[in-house]
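Let's take a walk through this structure and see what there is to find. Keep the viewer open as you read.

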Amino acid sequence: MNQLSERRISLWQLLISVLKVGSISFGGYMALVSILRDELVDRRRVLKDEVIMDAVALASIFPGPLAVNIVIYVGYKLRGKAGMLIAFTGIILPAFVLVYILTYLYFEYGDVLNVEPIFKGVMPAVGAIILSVAIKMTKSHIRHRVQVLLLLISIATLLTFTGFKTIIVLVAGGAILGYLFFRHEVQGSNDLNEIPVSRFNGKDVQVVALALVAVAGVLLALALFGEKSMVLQLISVFSAMSLSLFGGGYVFIPMMQEVVVESLGWLSNAEFIDGIALGQVSPGPIMISSVFIGYKVMGITGALVATAAMFLPSGILMVAGSQMILRHSDSILFKSAMKGVYAVTIGMIFNACVKIGMGLEVDVVPIAIFLVGSLCLIRYKMNLIYVILSAGLAGSFFM
C-alpha cells in the first residue's frame with residue numbers, strides 16, 4: 001500500500017498536478033478519479049486511496065457535478081481552503097480554455113475543429129487507465145469475501161440499472177453490510193488525511209445547506225420572472241442548477257435545456273445540442289457546456305460567470321457538509337461501514353471501464369489501443385500521459 005509522504009504538497013505543486021489531471025480526464029468522472037489517483041497517490045504520494053474513495057462516496061450523495069466536487073474535496077483535504085480553490089481552478093481551466101476556443105470558432109465561423117477521431121482514440125486508453133486503477137485499488141483494499149461480493153454486486157447492478165437512486169442504494173447497502181461484517185475487525189487508527197475536521201457542527205451545516213438551496217431557488221425565480229441584470233441571471237440560473245444536480249451531468253441535461261432553451265430562450269435547440277457536444281469532446285465534466293451558454297449570452301464575461309456559478313456552490317456545500325459526516329471518522333461505525341462502501345466504490349470504477357468498453361467500436365484499432373494501453377500501465381507502469389497522447393495520435397491517423 002502507498003505510504004503518505006511526510007512533506008505536504010505545495011499549492012504550486014497541487015495546481016500543476018490538477019492541471020495535468022484536468023487536461024487528460026476524458027471519459028467521465030471515474031476516468032478523472034483514476035487519473036487523479038495515479039497522480040496524487042502513486043506518483044506524488046501525498047494522498048491515500050481512502051481519501052479518494054471517501055470523495056467518491058460523498059460526492060455521490062451531495063448535489064453538483066461529481067468530477068469537480070471530488071477534486072475540490074481532495075484539494076481541501078490536502079491544503080484547506082486555498083487548496084480547494086487551487087484544485088477548482090486546475091480542474092476547470094483546461095476544459096474551459098478548450099471549450100471557449102471551440103465556442104468562439106462555432107459562433108464566429110459556424111464550425112469547429114474536427115476532434116472526433118482523436119477522441120475515439122483516447123477513449124480506449126481511458127478504459128485502460130480505469131482498469132489499471134481498479135486493479136490496483138482491489139489489490140490494496142479488497143481482502144474479504146464479503147467485499148468481493150459487494151464489488152461484484154456493484155458492477156452487476158450498475159450494468160442493469162442506472163441513475164442516482166441506484167448509486168445511493170449501493171452506497172447505503174455497502175455501508176450497512178460493512179458495519180455488520182467488519183465492526184469487530186476495525187482497529188482504532190485514523191485512516192483519513194491530515195487536514196483537521198472543520199469546526200462546523202451539524203446544525204451549522206444544515207443551516208448552510210438550507211440557506212444555499214433557498215437562495216438558489218429565489219435567484220432562479222428572479223432569473224426566470226424578474227427584470228435583473230444578465231450577470232445576476234447567469235449566477236441565478238447556474239448556481240440553482242449546481243445545487244440541484246444529483247446523479248451526474250447527463251441526468252441534468254434535460255433540465256438545463258428546459259431552462260436555457262425553452263424558458264429563457266438564450267439558445268436555440270440546435271445550439272444547445274452543439275454546446276453539449278463540445279462539452280463531451282473536452283476533458284473534465286460535461287457541464288463545462290456552461291462555457292458555451294455563458295459565451296452566447298455575454299461573451300467571455302458570461303462564460304466565466306456561468307462556469308463559476310455552475311461548479312463552485314455545490315463544491316463548497318460538499319466540503320462543508322462532508323465535515324459533519326467525517327467528524328465521526330474515528331468511530332468503529334464509520335470505519336467498518338466504509339470498508340463496505342470502498343468495495344462498492346471500486347465496483348463503480350470497474351463498471352465505468354466495462355461501460356467504456358461496451359461503447360467502443362468493434363474494430364482492430366480501438367481494441368489494440370485498449371490492450372496495449374492496459375499492458376503498458378499494469379505491467380510496465382508507464383506514465384499515463386504518454387498512453388493518452390499515443391492513443392490520441394493513433395486515433396487521428398487510423399480512425
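One thing before we start: this is a predicted model. Let's begin on the outside, with a nonpolar patch on the surface. Helix α7, which covers residues 164-182, gives the most to that patch, with 5 residues. The patch members are Ile-176, Leu-177, Tyr-179, Leu-180, Phe-181 and Leu-333, and together they put about 560 Å² of accessible area on show. Leu-333 sits in helix α13, residues 332-359. With a relative accessible area of 55%, Leu-333 counts as exposed, because the bar for that word is over 50%.

Now head for helix α2, where much of this tour takes place. Arg-37 is part of this helix. Is Arg-37 buried or exposed? Its relative accessibility is just 1%, so Arg-37 is buried. What does a buried arginine like this pair with? Asp-42 forms a salt bridge with Arg-37, and the closest N and O atoms are 2.8 Å apart. Both partners, Asp-42 and Arg-37, are buried. The side chain of Arg-37 also makes a polar contact of 2.6 Å with the side chain of Asp-49.

As background, side chains of opposite charge can pair when their charged atoms come close. Asp-42 has another such partner: Lys-136 forms a salt bridge with Asp-42, with 2.9 Å between the closest N and O atoms. Lys-136 belongs to helix α5 (residues 116-141) while Asp-42 belongs to helix α2, so this pair ties together parts that are 94 residues apart in sequence. On accessibility, Lys-136 comes out at 22% and is therefore partly exposed, whereas Asp-42 has a relative accessible area of 17% and is buried. Put the pieces together and you get one network: salt bridges that share partners join Arg-37, Asp-42, Asp-49 and Lys-136. If you'd like the wider count, a search of the whole structure finds 7 salt bridges.

Here is another of those pairs. Arg-43 and Asp-38 meet through their side chains in a salt bridge, 2.9 Å from N to O. Arg-43 is partly exposed, at 37% relative accessibility. Asp-38, by contrast, is buried, with a relative accessible area of 7%.

Keep Arg-43 and Asp-38 selected, since both turn up again in the next stop: the lining of the largest cavity includes Asp-38 and Arg-43. How many cavities of 30 Å³ or more does the structure hold? There are 2 of them, and the largest has about 50 Å³ of space. Its full lining is made of Lys-20, Val-21, Ile-24, Ile-35, Asp-38, Glu-39, Arg-43, Asn-383, Leu-384 and Ile-385. Three helices each supply at least two residues of that lining: α1 (11-24), α2 and α15. Which helix gives the most? That would be α2, with 4 residues in the lining of the largest cavity.

Helix α2 has one more residue to show you. Ala-31 is placed in this helix, and with a relative accessible area of 1%, Ala-31 is buried. Try drawing a line from the C-alpha atom of Ala-31 to that of Gly-284: the two are 253 residues apart along the chain, yet 9.2 Å separates them in space.

Let's finish in the loops, with some backbone geometry you may want to check on your own Ramachandran plot. Arg-45 has a positive phi of about 55°, although this residue is not a glycine. Where does Arg-45 lie? Look in the loop between α2 (29-43) and α3 (49-61). Arg-45 is partly exposed there, at a relative accessible area of 39%.

Lys-381 gives you a second case: its phi is also positive, at about 55°, and Lys-381 is not a glycine either. You'll find Lys-381 in the loop between α14 (364-378) and α15 (384-398). The relative accessibility of Lys-381 is 53%, so this residue counts as exposed. The helix that follows this loop, α15, is one you have already met, as one of the suppliers to the lining of the largest cavity.

How values were computed. Residues are numbered from 1 along each chain as its sequence is written. This is a predicted model: local features need pLDDT of at least 70, side-chain atom pairs count only at pLDDT 80 or more; totals for chains, interfaces and linings use all residues. Side-chain values use heavy atoms; hydrogens and water are left out. Patches are made of residues with over 30% relative accessible area and no salt bridge: like charges are joined within 9 Å, nonpolar side chains (Val, Leu, Ile, Met, Phe, Trp, Tyr) within 5 Å. Accessible areas come from the Shrake-Rupley method with a 1.4 Å probe; for residues, only the protein chains shown count as cover. A salt bridge is a side-chain nitrogen of Lys or Arg within 4 Å of a carboxyl oxygen of Asp or Glu. Buried means under 20% relative accessible area, exposed over 50%, partly exposed in between (1.4 Å probe, protein chains only). A polar contact is a pair of N or O atoms within 3.5 Å; within protein, one must be able to donate a hydrogen and the other to accept it, and residues adjacent in sequence count only if both atoms are side-chain atoms. On a 1 Å grid over the protein atoms alone, a cavity is a set of points where a 1.4 Å probe fits but cannot get out, and a pocket is an open set with protein on both sides within 12 Å along at least five of seven lines; lining residues have an atom within 4 Å of a point. Grid points are joined across faces, edges and corners, and a volume is the space filled by probe spheres set on the points.
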